[in-house]
Amino acid sequence: MKTTIPPKMFSHALLAMAVLPVLATDGLSQSGEPGDAVYTLSPFTVDGSNDVGYRATNTLAGSRLNSELRDTAAPISVFTKDLIQDLGANDVQSATFYSVNTEEFTEAEVGDQAGNQLQNDGLQFNIRGFKTSATRNYFDWGLNSDNFNTERIDFSRGPNSILYGLGSPGGVVNTSTKQANMENAYGVELQLSSWDGFRVALDANQVLVDEKLAIRVNLLKSDQDSWIRTKFKDQERVHVAATFQPFRFTKIRGEFERGDVDQVKPRPWGPLDGFSAWEAAGKPTIDTARGEIPEGAASLGGSTRLTYTSDGASVADWSLMGQSDSGRFNYAIFDFDRVPREFDAIGLGSRVDLDYDTFSLYLEQRILENLNVELSFNKQESQSEENRPINWNAPLRVDINAQLPDGSTNPNFGKYYVEDSWRGFRMDDEKEIARATLSYEFDFKDRLDSNVGAILGRHRIAGLLEEKEDYGTRFNLRELNSTPFEQLNDWTNSRNRIYRRTYIDFETDEGYYGALSPQDNPLGSQAITTRTGLSGTVTPAFLPDNFNGSITELDTEMLAVQSYWLDGRLVTTYGHRKDSQRSQGATRLKEDGNNIVTGFRFDQEFGDWASGTTETVGLVFHPTSSISVFYNDSESINLGNPNRYMVDGTVVGDEKGFGEDYGVRFYLLEDRVSLSVSKYETASTNRLTFNVEGPIRQVSNDIWEVLDQSKVVEDGLGIASTEDLVSEGYELELVANPTDRWSIIANLSDSETKVDNIASRNIAYFESNRANWLANSSVAIDIGNPNYGTVGEAVAFLDDQILTRATAFNGRMKLSHSDLKGSMFTNYRFAEDSNLSGFSVGGGMRYASEPVIGYSVADSAGKATKFEGDSNFVVDAKVGYKREINDGKVMWNLQLNVRNLFDNDDIILTLADSSGENQRYRFQEPRQWSLTSRFEF
């Protein structure tokens with residue numbers, strides 16, 4: 001079913017990489033003694049070799065060129081290799097607990113309560129209230145990552161058009177992978193952890209030709225279970241990197257990674273309530289098959305419902321049978337004595353299997369003394385299988401039927417159960433990115449009088465051209481009856497779905513594992529007669545019933561200039577970027593008659609190119625060597641979906657991000673301590689949302705039907721609303737190595753993230769027609785709508801809808817946002833001449849203030865009560881021991897990390913209803929430990 005993008009970008013990149021070193025020989029001698037061969041001053045790479053403890057000195061994130069952090073106006077935090085190891089962070093998500101102004105993403109903030117967002121493997125956290133974007137080696141990155149081959153992590157907060165144009169205004173997280181270098185080094189890491197976790201990693205760097213060719217291999221095998229019985233993550237990964245330096249100023253780097261990741265990601269809240277209304281009604285039962293439905297219960301509906309039960313009973317038609325009701329299907333269960341925390345309703349069958357390959361190739365070439373070029377290429381391929389035995393919002397119910405559909409006694413009467421129709425997703429994704437970066441540097445001090453030259457300074461220019469093709473397909477599957485009754489020619493009809501019911505008994509170990517996996521519990525063909533008399537055979541099969549596919553092309557042009565004026569006291573940065581994008585859709589192919597998807601083809605025309613430009617302006621002034629004042633202004637953009645419209649028929653347009661940062665940095669104790677204090681504002685305008693567009697379109701169409709039918713809005717349009725999201729506040733960050741043996745990072749942020757201008761463009765359309773409509777207020781609208789019967793009544797109804805759905809929410813804090821957040825982590829290594837020589841101790845603290853979890857219904861003045869959850873405080877600890885063994889040939893490092901040292905088990909509230917009653921939460925991860933033994937030689 002897979003179609004591969006033609007490898008034209010790869011072949012073009014290889015051709016350019018082969019020709020460029022030959023052309024460069026005319027401008028710069030490639031000869032040199034072996035000792036001079038290593039090209040160490042590349043402007044395109046930062047390898048972390050100059051990092052000391054937790055203090056990094058350089059970054060690419062500010063200008064696309066290797067620049068000192070102190071000269072970078074953009075707010076960037078770097079997690080060094082030492083910090084990542086001390087944290088015991090095996091992936092990026094774990095490291096973010098100690099990053100500035102970050103918080104875990106929750107679906108409540110986007111109005112999705114079904115778990116759809118949490119199933120993907122992207123980064124699940126926010127920076128400044130916005131979900132973040134991810135890159136790896138500054139290539140767009142959407143795959144699952146692990147730190148086994150990570151050298152460092154750069155967190156860039158706010159928009160940054162030099163790094164990316166299309167993306168979240170909250171920021172971007174870039175991971176830099178380990179590269180082969182010209183020194184032999186080897187390492188083995190073994191880790192044991194809570195819940196039978198085991199991890200082994202190998203890192204081997206071998207020089208093959210002295211100062212010419214090296215290869216580095218990183219291997220990972222990891223099996224990790226969880227306190228939630230069904231949750232696990234098993235992975236095998238291999239990463240191979242090579243560096244080849246055939247000439248003095250020519251460097252070729254390549255890397256390849258392959259991974260296999262199998263995991264179950266349960267929903268982070270308990271099962272949903274499916275029985276409280278039934279219990280409140282006195283726990284009524286249905287004594288006969290398809291008997292009368294009592295209060296507190298609900299019917300399974302009159303359509304054929306092919307259902308298998310977990311006790312091995314044959315398939316039956318459960319239509320018109322009863323089920324317990326709660327009236328609270330959006331409410332999670334909070335009674336953990338009754339339903340244990342460790343229980344996961346979705347079960348082991350909700351597995352996500354990912355196989356991926358990624359390959360990168362880089363050519364760095366110095367053409368002239370101050371002119372350098374890098375040609376790079378990246379390809380990512382992934383195949384992902386996601387399974388859902390039940391939906392994330394399926395409730396836990398009680399079987400209230402005393403009899404089975406055939407009238408026999410129900411052996412499972414009174415038991416808990418979960419039930420749904422299995423769904424699966426098969427996704428293929430392929431990205432190809434080709435990039436050319438050119439850098440040029442000139443210094444007026446080399447051309448003019450030293451004083452004048454120092455004033456006019458040194459200037460660095462970076463130009464970038466990039467092409468990206470992103471191919472993606474997704475097949476949606478259902479468990480269906482592949483031998484449907486003659487009356488059901490459409491196999492995808494809901495009456496042809498297979499439902500599976502799993503009974504839950506918390507007295508047994510199996511009861512903690514939720515819904516049974518259909519793949520692990522296959523079913524054979526069985527004869528059946530439905531309630532309505534249809535006879536036939538039920539043969540369960542996993543069949544594709546829907547498909548989506550697209551190819552997206554993105555072309556980028558970027559120019560950045562970094563200038564060092566006044567002998568380096570004033571550093572300015574300017575960036576201009578243009579991104580152009582177009583997409584092509586795919587046509588799904590179906591079997592005649594049964595509606596099953598058999599394949600696809602990309603035969604649709606590409607859409608028109610959509611373009612957007614963004615800019616960055618930065619300034620850093622160093623009045624003294626220990627003080628820097630900075631200012632940064634930058635933009636981002638998300639090109640609008642051409643198929644989304646406002647109620648007046650105009651296209652929604654682009655979402656634009658804006659960011660402004662300014663503050664002061666202090667460098668103390670001979671640069672051992674860096675302290676940054678800043679104020680920021682980050683905003684996203686014209687964000688797509690869905691709020692009040694439905695009533696406005698419906699009411700305005702009803703009005704125009706009786707006043708002017710030419711103004712009726714077409715029903716087929718994808719109507720949406722927009723809103724703005726604005727985050728502003730203060731950030732403080734401390735990174736220090738006060739002594740050679742003590743390292744510390746700390747940060748604090750105080751911010752507000754508010755929603756504003758909800759549906760303002762749609763409301764403006766309504767307001768522009770208000771006078772005309774009210775002038776005809778007595779005109780009848782005779783369509784039987786219970787909410788209004790005249791134009792005047794329709795306007796009044798719409799006023800109420802706009803107040804309760806839109807304007808009352810303006811200025812409200814974003815759901816799940818905590819104003820005050822802070823963290824601190826430190827590590828101290830005892831002196832070699834002390835009694836504790838070789839030992840180190842450290843730990844950290846993480847705090848978040850009360851998050852906003854909901855609002856009451858607004859009163860007539862638009863005022864509403866804000867509901868908040870509880871603050872959260874967690875302590876982590878770290879103890880290490882380091883010594884030389886094997887006659888000093890091997891360095892052994894033993895490290896114990898304990899996260900959530902005091903086992904804080906408070907649930908973290910994320911959503912409340914309009915009365916203030918709690919609806920959703922996420923579990924706090926209980927105390928967990930990891931013991932890592934690392935050998936380096």
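Two strands pair if DSSP finds at least two bridges between them. The model used in these exercises is predicted.

**Exercise 1. A hairpin and its register**

Task: Find the sense in which strands β32 and β33 pair, and find which residue of β33 stands opposite Lys590.

Solution:
- Locate the strands. β32 covers residues 587-590 and β33 covers residues 597-601.
- Read the sense. The two strands pair in the antiparallel sense, over four bridges.
- Fix the register. Val597 in β33 stands opposite Lys590.
- Check the link. β32 and β33 form a hairpin with six residues between them.
- Inspect the turn. Gly593 has a positive phi of about 90° there.

**Exercise 2. From β46 to β50**

Task: Trace the pairing from strand β46 to β47, then from β47 to β50.

Solution:
- Start at β46, residues 872-885. This strand pairs with β47, residues 890-899, in the antiparallel sense over nine bridges.
- Set the register. Val879 has Leu896 in β47 as its bridge partner.
- Look at the hairpin. Four residues lie between β46 and β47, and Asn886 takes a positive phi near 55°.
- Move on to β50, residues 928-936. β47 and β50 also pair in the antiparallel sense, over nine bridges.
- Set the second register. Trp892 stands opposite Phe935 in β50.

**Exercise 3. A mixed sheet**

Task: Give the strand order of the open five-stranded sheet that holds β7 and β10, and name the edge strands.

Solution:
- Write the order: β3-β9-β10-β7-β8. The pairing is mixed.
- Pick the edges. β3 (76-79) and β8 (139-140) each pair on one side only.
- Test one pair. β7 (residues 133-136) and β10 (residues 171-177) run in the parallel sense, with four bridges.
- Add a register point. Ala134 stands opposite Val173 in β10.

**Exercise 4. Ser193 in its setting**

Task: Decide whether Ser193 is buried or exposed, and list what Ser193 touches.

Solution:
- Place the residue. Ser193 is found in strand β11, residues 185-193.
- Apply the cut-off. Buried means under 20% relative accessible area. Ser193 is at 9%, so it counts as buried.
- List the contacts. Leaving out residues up to four places away in sequence, Ser193 touches Phe198, Gln224, Trp929 and Ser930.
- Single out one partner. The side chains of Ser193 and Gln224 are joined by a polar contact of 2.7 Å.
- Take a long-range reading. Ser193 and Gln604 are 411 residues apart in sequence, and their C-alpha atoms are 51 Å apart in space.

**Exercise 5. Helix α8**

Task: Compare the span of α8 with the expected value, then find what its buried residues pack against.

Solution:
- Count. α8 (residues 791-805) has 15 residues.
- Compare. The helix reaches 21 Å from its first C-alpha to its last, close to the 21 Å expected at 1.5 Å a residue.
- List the buried residues: Val791, Gly792, Ala794, Val795, Phe797, Leu798, Gln801 and Ile802.
- Recall the geometry. An α-helix has 3.6 residues a turn, so residues three or four places apart point the same way.
- Find the partners. The buried residues of α8 pack against α6 (693-707) and α7 (760-775).

**Exercise 6. Empty space**

Task: State how many cavities of 30 Å³ or more the structure holds, and describe the lining of the largest.

Solution:
- Search the whole structure. Seven such cavities appear.
- Size the largest. Its volume is about 80 Å³.
- Identify the lining. Of 14 lining residues, Phe79, Tyr98, Glu733, Val735 and Ile745 are the closest to the centre.
- Assign elements. β3, β40 (721-739) and β41 (742-756) each supply at least two lining residues.

Key. Residues are numbered from 1 along each chain as its sequence is written. This is a predicted model: local features need pLDDT of at least 70, side-chain atom pairs count only at pLDDT 80 or more; totals for chains, interfaces and linings use all residues. Side-chain values use heavy atoms; hydrogens and water are left out. Buried means under 20% relative accessible area, exposed over 50%, partly exposed in between (1.4 Å probe, protein chains only). Contact means heavy atoms within 4.5 Å. A polar contact is a pair of N or O atoms within 3.5 Å; within protein, one must be able to donate a hydrogen and the other to accept it, and residues adjacent in sequence count only if both atoms are side-chain atoms. The expected span of a helix is 1.5 Å times one less than its number of residues. On a 1 Å grid over the protein atoms alone, a cavity is a set of points where a 1.4 Å probe fits but cannot get out, and a pocket is an open set with protein on both sides within 12 Å along at least five of seven lines; lining residues have an atom within 4 Å of a point. Grid points are joined across faces, edges and corners, and a volume is the space filled by probe spheres set on the points.
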